[in-house]
Structure formats: structure tokens, C-alpha cells
Amino acid sequence: VIGVPSHTRGSVVYALRNRAAPGVVTSIGGQNDSSQIVPLQSHLFTGDAIFTGGGGVPFEANLEFAKDNFIKNPKSLKSKNGSSTFRPGAGTLSTERCFAEVLTRATGPWDGSLPSSSPSALPQDAAAETTSSTSQSRSAPLSQTTLLYPGHEYTTDLLMRQFDQKTTPSDGYWTRLSPSVFFTTASHYLVSAHRRALPPGQKLLTLPTPLEVECAVNPNFRSLKRRGEGVGNALRFWYEFGAKNLIPEREEEEEEDDVGIVVDIYKESASNTNNGVVTSQSVFTTVFSADLDKVVQDLRSGNIDAISAADQIESLQSRLDEKLIGRRPIPSTLSSHKNVYLGVVALAVLGSAPSAMTVSDANIMNMAPPVESTDRILVSKRRLISVLDGLGLLTQDTSPRLQDIIHLLWQEARLDDELKLDIEHPNGTDIECSINTSGRDDQIELGLLKLALFGVAFNQPSKFCLPCGSSGSSKAQYDKKSWVTTSKLRRTSGELVRHDAENCLLCRDVLRSCPYSKSAAAS
């Protein structure tokens, strides 16, 4: 049972785990390892907490002020900074934190281990603390197939609202996402509308929905991914300019990564319809016409054989995962005050478990009680890594890896023994929880993290202190000894935007009509 207090104070998600089918196994080791497991499935009965394409309205969450809802009031974000107050248990933030909790519990390995981290790639203390979790990664089953079963059939209406200008932001919302997200949402809407428009007695359900699809079509999951991307950028910038230690270069391993082998073998297994694994096949597949035309021409001219053509066609869909307009922070410049605020909020949403509405609710539901100051929120390293991994933001081909930077940040954020936490845990043990957050090494206060990562002073006022708790600091307060202050780097709200109109498949046909363009000259 997963506690997700937001829609109501006592909202829960029921998680059912089961094996796929008798006699069905997949290998989990390398070439010299014959270990096998039976594929696992997760069935999440989300009630009113999560719907396909949306979530339950946070009726019994804390009150969300109009100035804190940046979708309805985007101008209010301009006045925010790292010292501004926020309430993670209120409104939209409460909903997103519950979504992150479900994502963690659905995708995390269920023996308490983490996505693999090589101890040799970490500083001394950080390497020691991950040895135990890494040693378990070989036997850790992945979240093979996760299906969501909402309590209501609101799919068609919720997906349709996403294309309504009255309910979506007006700042080019869809153009900031990859084409695959748009077409996945649009095709999911068309399938849902068709099934629900059938004659009486023939209507079909649109449920259940695979978690992978839900992460694309649900605005709350997409918001989590944007927050995760922001945290990733902040972590890499901190490592370049603010970290006191360096992460040693990882040695290239001769053996293949065990976790990667699990994923590849399982994908091959999941495509087999006779193995008893419940899967969902997409009705539509969207590709760029130019890419498909090139494969067809090469095949007709004999430049490629049928097998090569099939391989290329299978890879065409992944091209839509790339964003059409590249955006990244300006190098060697500090983030704007509002982006610092968003980074602090993201750490709380992605890294801390949902808290109960009251202390009595916390005792009944075996959850963390609400805190008076957001600086006292406990952020879990394991949970943050698990959520980023579930959102597809952890990669093995970058150096240093993001999870290694997180380990280093946790190490450097602990100033001395006096500031280390005396963590109080709820009574009882949650045997279903996939993330083991016990111990001092895993959890740290948000105030210490924002001090180390952004240089923001540890002085967050209590939410019960008015007017301080309602308005927050009007001016950002940075620690005078932090790396942010001593680095003398320029702070800017700008970003680098890259768009090559000559090669953009959506724009190049227009430029070909211009006699001065490169496209016209080439043709």
C-alpha cells in the first residue's frame, strides 16, 4: 500500500506484484552467468490519485496560493528566489510529490538496491557507502512491466484538455517537448476517443495504461521530468565550479553491464506474445517522412538489403525523441534567482517522500509528519537517484555520471557532526517500499543541500510564521563563504537556443523556396 495524501488525506495506491507466467525466465547475468529470474509485473490501482492523462484534484492538500501556481499565474515566478518559501504539501506540488512516490515504488528495485554505481568512480567515503548496494545489483529484478489502473474512465477528457489553449500554458508548451511526446499523446487521445464513441453496449475501456506511456501523456510526469532535467543541470554546474573534490575517471569495464543485459533481454522477451507477460502495443508509429523515404529509396535502388532496411526502420521512431529546438544554460554563468528557486523545489519534490497532512495522519498512515520549515525536509539520496532513473535521466555514457555527482554532493553537504541529522522513523516497517532510506548517509536536510548546491543561506522561515511564512524573503540571501559568492561568476536568466533551420525537417521545405538559402542552392 502506497500512501499518496493529496486528492484526499487518506489517498492510497494499491500495488500488486506477480510473476509473469510459470516457466518463463530471463537471464540476469553476463555471458558467463546463467542466473535466471521470473519476470515481475506491477499492477498499480491508483484510485483517484492518478488518471491516464492527469491526476486527482488536490482537494485535501494544503492550500495553494494563486501566486504559487505558475501555470495560471506565470508572472509570479519572476519574484521568486532561493530564499523564497514554498509548501511541498500544497496543491500542485503535493500532487507531483505523490506522482514521484508512485514512480519510485513502481520502478525501483525491490530489494533496496540502487542503479549500479561503480565504487571506483567515487571519492573515498562515497565509494564505501555504495559498495553494499552495488553488490546487490546483480540479483535485483527490474520493474519489468508496470500497468496503471485508475479508478475512473476520464482518459478522453483529460487528454483533450491538454490541447485546449485555455488549460495549457501559452509559452509554446508543446514546442518545448520532443515530437514523440506530442504524437504519443495525440494518438492515445484518438484511440481513447474511438473506443468511448462506439455504440452503446460496445464501448471499450482505455485502461490499463503502461507506466512508460503514462510518463509521456501525463502532464504531472512530464513536469517531474522537467524538474529532473533542471536538477541535472544544476548538479553538473556545481561539480564544475563548486565541488571541493573530483570524481576519478571510471575505468572501462571489459564485461558488459549486468543491468543493461537485463533490460535488453527482457525487451526481447516482452515482445513475445506467448510468454504470459502483459504488454501494450502502440496502435500508431510516427516517423519523419524524409527518413522513411530515404530508407525506401535505398531499398529500391539496392543500396541496402532487407535486414538493414528493417533495422533502420525500427530506429526511425527514436529520432522523434530529440527536441527540435535545443536549449541549455549559458556556460560559466550562475542560474537566475527564479531557476535557483525551481531547483530547490525540484529537490524537495523528487527527493522527499510525501508527508501526511497532520501528525495524527502520519501516525495512522505510517508516513512522515509535516515540517514547520522546508529547510528541515529530509531529502533521500536513494529516492532522488531512483526517480531520475525512472524518468530516464541517468545515463552510463557521460563522465562523470549524474548518480556519482549526487553521491559527492551528499558527502560535501554534511558540514560537521553537529549538523548531521538525528532521524526519527515512523513506527513499523514498510516491507513494500523499494527505497531503503534508513541511516544517516541517505537522508539530509534540504537546507544543507541548497547551501551546498546553490549557496543559499540556511535561514528558511517557518511556514507558521506570518507574514514571513506566506511571502518569504523578497531578496535572495546567499552565504558569504559559499562557492557561489566567492566564484564571482555572473548571474543570468538567459539560455542558449540552437535551431538549424536548414536541416530541421519541419522548416527546410520552406527555406528551399528562398533563392538565397543553402537548401535552394544545393537543389
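**Figure 1. Packing of helix α4 in the predicted model**. The buried residues of α4 pack against four elements: α3 (155-161), β9 (209-210), α5 (211-217) and α6. These buried residues are Pro179, Ser180, Val181, Thr185, Ser187, His188, Val191 and Ser192. Helix α4 covers residues 179-196, a run of 18 residues. From its first C-alpha to its last, α4 reaches 26 Å, close to the 26 Å expected at 1.5 Å a residue. An α-helix has 3.6 residues a turn, so residues three or four places apart point the same way.

**Figure 2. Helix α10 and its buried residues**. Helix α10 is made of residues 337-351, 15 in number. The helix reaches 21 Å between its first and last C-alpha, close to the 21 Å expected at 1.5 Å a residue. Most of α10 is covered, with eleven of its 15 residues buried. Val340 and Tyr341 are buried, as are the residues Gly343, Val344, Val345, Ala346, Leu347, Ala348, Val349, Leu350 and Gly351. One of these, Val340, is also in the lining of the largest cavity, which is the topic of the next view.

**Figure 3. The largest cavity**. The structure holds two cavities of 30 Å³ or more, and the largest has about 100 Å³ of space. Its lining includes Ala234, Phe237 and Trp238, together with Leu334, Ser335 and Val340. Leu453, Phe454, Trp483, Val484 and Arg491 also line the largest cavity. Three elements, α6 (219-241), α14 (446-454) and α16 (483-486), each supply at least two residues of this lining. The largest share comes from α6, with three residues. By class, the lining has nine nonpolar residues, one polar and one charged.

**Figure 4. The second largest cavity**. About 70 Å³ of space lies in this cavity. Val4, Ser6 and His7 line the second largest cavity, as do Ala49, Ile50 and Gly56. Thr95, Cys98, Phe99 and Val102 are also lining residues. Helix α1 (residues 91-107) gives the most to the lining, with four residues. The lining of the second largest cavity divides into six nonpolar and four polar residues, with no charged residue.

**Figure 5. Thr46 in strand β5**. Strand β5 spans residues 40-47, and Thr46 has its place there. Thr46 has a relative accessible area of 1%, so this residue counts as buried. Apart from neighbours within four places in sequence, Thr46 is in contact with Val12 and Val13. With the same neighbours left aside, Thr46 is also in contact with Leu148, Tyr149 and Pro150.

**Figure 6. Cys507 and the nearest cysteine sulfur**. The count for the structure comes to zero disulfides. Cys507 is in no disulfide, and the nearest cysteine sulfur, that of Cys504, is 3.7 Å away. A disulfide requires the two sulfur atoms to be within 2.5 Å, so this pair does not count as one. Cys507 is partly exposed, with a relative accessible area of 24%.

**Figure 7. The whole protein, for orientation**. The secondary structure comes to 18 helices and 13 strands. Of the 523 residues in the protein, 45% are buried. Among contacts with a separation of 6 or more, 76% are between residues 24 or more positions apart.

Definitions and conventions: Residues numbered from 1 in each chain as written. Predicted model: local features only at pLDDT ≥ 70, side-chain atom pairs only at ≥ 80, totals over all residues. Heavy atoms only, no water. Buried < 20%, exposed > 50% of the residue type's maximum accessible area, 1.4 Å probe, protein only. Contact = heavy atoms within 4.5 Å. 1 Å grid on protein atoms, 1.4 Å probe; cavity = no way out; pocket = protein on both sides within 12 Å on 5 of 7 lines; lining within 4 Å. Points joined across faces, edges and corners; volume = space filled by probe spheres on them. Nonpolar A, V, L, I, M, F, W, Y, C, P; charged D, E, K, R; others polar. Expected span 1.5 Å × (residues − 1).
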